[in-house]
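Got the viewer open? Load the model, switch to cartoon, and we'll walk through it one selection at a time.

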Amino acid sequence: MSASEARGLEFDGVVVMNPEEIIMARPGGERDLYVALTRATKRLCTVTVQPA
């Protein structure tokens, strides 16, 4: 689910993949990242994958 689709929802656990890509995806991406990071009620995990 994209960060913009998660707006207004809550989940017990959230995994945010590549936070930098969320920011770079469109203007205002910082707001999308904020939404993604604040959807978790119990557990939050961020994963950043860097090319080898």
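Start by selecting aspartate 32 and showing what surrounds it. Leaving out neighbours within four places in sequence, aspartate 32 is in contact with Ala3, Ser4, Arg7, Ile22 and Arg26, where contact means heavy atoms within 4.5 Å. Aspartate 32 sits in helix H2 and is buried, at a relative accessible area of 6%. The cut-offs here: buried is under 20% relative accessible area, exposed is over 50%, and partly exposed is in between, with a 1.4 Å probe and protein chains only.

A word on what you're looking at. This is a predicted model, in which local features need pLDDT of at least 70, side-chain atom pairs count only at pLDDT 80 or more, and totals for chains, interfaces and linings use all residues. Residues are numbered from 1 along each chain as its sequence is written, and side-chain values use heavy atoms, with hydrogens and water left out.

**Zoom out to the whole chain**

Colour by secondary structure. You should find 2 helices and 2 strands, running β-α-α-β along the sequence. These are DSSP runs numbered from the N terminus: helices are H or I with at least four residues, strands are E with at least two.

Now rotate it. The C-alpha trace spans about 30 × 25 × 15 Å along its principal axes. The radius of gyration is 11 Å, which agrees with the value near 10 Å for a compact globule of 52 residues; it is taken over C-alpha atoms, and the globule rule is 2.2 Å times the number of residues to the power 0.38. Of the 52 residues, 27% count as buried. Look at contacts between residues at least 6 apart in sequence, and 71% of them join residues at least 24 apart.

**Select the core**

Next, pick Ala3, Val14, Val16, Ile22, Leu33 and Ala36: these 6 residues are the largest nonpolar core. S1 and helix H2 (29-37) are the elements that give two or more residues to this core. A nonpolar core here is a set of buried Ala, Val, Leu, Ile, Met, Phe, Trp, Tyr and Cys residues joined through side-chain atoms within 4.5 Å. In soluble globular proteins, nonpolar side chains tend to be buried together.

Stay on valine 16 for a moment. What does valine 16 touch, not counting residues up to four places away in sequence? The list is Ile22, Leu33, Ala36, Leu37, Leu44, Cys45, Thr46 and Val47.

**Hop to cysteine 45**

Cysteine 45 lies in strand S2 (residues 40-47) and is partly exposed, at 37% relative accessible area. With residues up to four places away set aside, cysteine 45 touches Val14, Val15 and Val16. Try a C-alpha to C-alpha distance to methionine 17: the two are 28 residues apart in sequence and 8.5 Å apart in space.

**Check the backbone at asparagine 18**

Asparagine 18 is in the loop between S1 and helix H1 (19-24). Pull up its phi: near 50°, a positive value in a residue other than glycine. Is asparagine 18 buried or exposed? Asparagine 18 counts as buried, because its relative accessibility is 15%.

**Last stop: leucine 9**

Leucine 9 is in the segment before strand S1 (11-17), partly exposed at a relative accessible area of 37%. Outside its neighbours up to four places away in sequence, leucine 9 touches Met1 and Arg39. The C-alpha atoms of leucine 9 and arginine 39 are separated by 6.5 Å, with their positions 30 residues apart along the chain.
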